[in-house]
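Work through the exercises below with the sequence and the structure side by side. Each task is followed by a worked solution.

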Amino acid sequence: MDGVVTGDVADSRDPDAAQAEYYRQELSGLRAQAQSDLARRYIELQQLRDSGLAERAADVRRFIRALESEIATLERLGEGLQRWL
């Protein structure tokens, strides 16, 4: 099984399913990290608004939009992997 993930991911499944499961798990971890970052940015945004730092708040809002886009992309990739599982 050259190029296929081995180990506890899916020894008894076909190689495509094993690799899809591996990548699904990786995407899940990336999505969880991005969601954590997003939550922290929302807190930062509220603190900046409360402090009256509108310019910095605008920068954080742009970063929030980028994180939301990243999360949506990761979710679509994960859904795409489902056809191999």
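**Exercise 1.** Leaving out residues up to four places away in sequence, find which residues I71 touches.

Solution. The model is a predicted one. Take contact to mean heavy atoms within 4.5 Å. With sequence neighbours up to four places away not counted, I71 touches R31, A34, Q35 and L38. Next, look up the elements: α1 covers residues 15-51, and α2 covers 54-81. Two of the residues touched by I71, A34 and L38, are listed among the buried residues of α1. What covers the buried residues of α1 includes α2.

**Exercise 2.** List the residues of the largest nonpolar core and state which elements supply them.

Solution. The core has 9 residues: A34, L38, L45, L48, A57, V60, I64, L67 and I71. The elements giving two or more residues to this core are α1 and α2. The largest share, 5 residues, comes from α2.

**Exercise 3.** Compare the span of α1 with the expected value, then describe what is found at its two ends.

Solution. Helix α1 has 37 residues. At 1.5 Å a residue, a span of 54 Å is expected. From the first C-alpha to the last, α1 reaches 54 Å, close to that value. At the start of α1, a side-chain oxygen of D14 comes within 3.0 Å of the backbone nitrogen of D16. Just after α1, G52 has a positive phi of about 80°.

**Exercise 4.** Count the helices and strands, and give the percentage of buried residues in the chain.

Solution. The chain has 2 helices and 0 strands. Of its 85 residues, 26% are buried, where buried means under 20% relative accessible area.

How values were computed:
Residues numbered from 1 in each chain as written. Predicted model: local features only at pLDDT ≥ 70, side-chain atom pairs only at ≥ 80, totals over all residues. Heavy atoms only, no water. Helix = DSSP H or I, 4+ residues; strand = E, 2+ residues; numbered from the N terminus. Buried < 20%, exposed > 50% of the residue type's maximum accessible area, 1.4 Å probe, protein only. Expected span 1.5 Å × (residues − 1). Polar contact = N/O pair within 3.5 Å; in protein donor to acceptor, adjacent residues only side chain to side chain. Core = buried A, V, L, I, M, F, W, Y, C linked by side-chain atoms within 4.5 Å.
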